[in-house]
Amino acid sequence: MAEDGGFGVYVHWPFCAAKCPYCDFNSHVRHQPVDQPRFAAAFNLEMASMRQRTGPRTVTSIFLGGGTPSLMEPGTVGAVLDAVAKHWTVPRDIEVTLEANPSSVEAERFRGYRAAGVNRVSLGVQALNDPDLRFLGRLHNVEEALTAIRLARETFPRLSFDLIYARPGQTPEAWETELNEAIDHAVDHLSLYQLTIEEGTRFHALHAAGKIVMPDLDLAAELYELTQEVTAARGLPAYEISNHARPGAESRHNLTYWRYGEYVGVGPGAHGRFIEHGRRIVTVAEKVPETWLNLVEARGHGVVDGEVLNRTEEADEFLLMGLRLVEGIDLDRYERLSGSGLSPERMSILQQEGLIAPVGNSRLRATPAGMVVLNAVVADLAR
């Protein structure tokens, strides 16, 4: 059992109005209306299959991601949440997050989501100037983004929104101004991601052709450090590499991932990680929505790949996820997962280099300098 990570349910809505040029998520554009009742029924079927594998559990968070879940009708969202409650125990105070794009929301739809049980919304704002929104392929402008933020603040108890920084041509001064403006509009949570060029995206082709010039590593590091400083000074310190919150407002669902809890993935392309017969297993669903739908209707689930993790793989994942958090990892739990502790010699070297630090006698965390090169720190520790 996951000792302190919880048990989440992730539901993937794979449809978008347009494909953003930087996005490598499993998202699809359809020019004909999606049969939402059919997909809702399939979500229910796949949950029933997952329930047989997980057994009775108490769900600690629900996350409707995508894609663009705010393209779902409120009735579809309600049907999905009812299905979760049918198959597992759902406490009254559970966190229920829905991702939304500013271009696909309006007051009546937000009220419908709230009535269905959503109590936290995550808005894909991405930038607070119109030229960069156009560059990022977003369908909304700044005015629409601010309207969506206002409506969300009026409707939901909790709000988060995303921004992408380290954009081509962005200066530290411009980012500081934009970030402070974002904090002025934020309630309790911000997700702040550096723009990365992902293989298979339109930006990848443009970058390869020299048509997009990304900030160099020194500027990217300066922008990251500036982000930490500004958010901490404004009362939204980082609790994870890219996520910032007022104390107590951290995303419970994302903490499930980073604290190496368990979660069921439902929907096209969704991944899951949960304990089955005493072993942590991975499930991977078919990505193409229509193919997934046919599989679920034929056999009750759309899982097409997966594996059983061995102790080393579990320990490595725990290390990689947990060191993203400012709170760090429980060293005893790492030892129980791996069967042996981390090397004192490697920990000593990394500590002398200022990349990791102990937290009391039982925990280990990456320092701010270590966060910048976290993959290298994890690779060194896991050797």
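Buried here means under 20% relative accessible area, and exposed means over 50%. Keep those cut-offs handy for the exercises below, and remember that this is a predicted model.

**Exercise 1.** Find which residues of helix H3 are buried, and work out how they are arranged around the helix axis.

*Solution.* Start with the helix itself, which spans residues 107–116. Its buried residues are Arg 109, Phe 110, Gly 112 and Tyr 113. Next, look down the axis of H3: these residues fall within an arc of 160°, so they line one face of the helix. An α-helix has 3.6 residues a turn, so residues three or four places apart point the same way. Now turn to the other side of H3, where Glu 108 and Ala 115 are exposed. Finally, ask what the buried residues pack against: helix H2 (74–87), strand S5 (95–100), strand S6 (120–126) and helix H5 (142–155).

**Exercise 2.** Tyr 260 and His 277 both have a positive phi; decide for each whether the residue is buried or exposed.

*Solution.* First, recall the background: most residues other than glycine have a negative phi. Tyr 260 has a phi of about 60° and sits in the loop between helix H9 (252–258) and strand S11 (262–266). Its relative accessible area is 2%, which is under 20%, so Tyr 260 is buried. His 277, with phi near 55°, lies in the loop between strand S12 (271–276) and strand S13 (279–285). Its relative accessible area of 79% is over 50%, so His 277 is exposed.

How values were computed: Residues numbered from 1 in each chain as written. Predicted model: local features only at pLDDT ≥ 70, side-chain atom pairs only at ≥ 80, totals over all residues. Heavy atoms only, no water. Buried < 20%, exposed > 50% of the residue type's maximum accessible area, 1.4 Å probe, protein only. Helix = DSSP H or I, 4+ residues; strand = E, 2+ residues; numbered from the N terminus. Arc of directions from axis to C-beta. Contact = heavy atoms within 4.5 Å.
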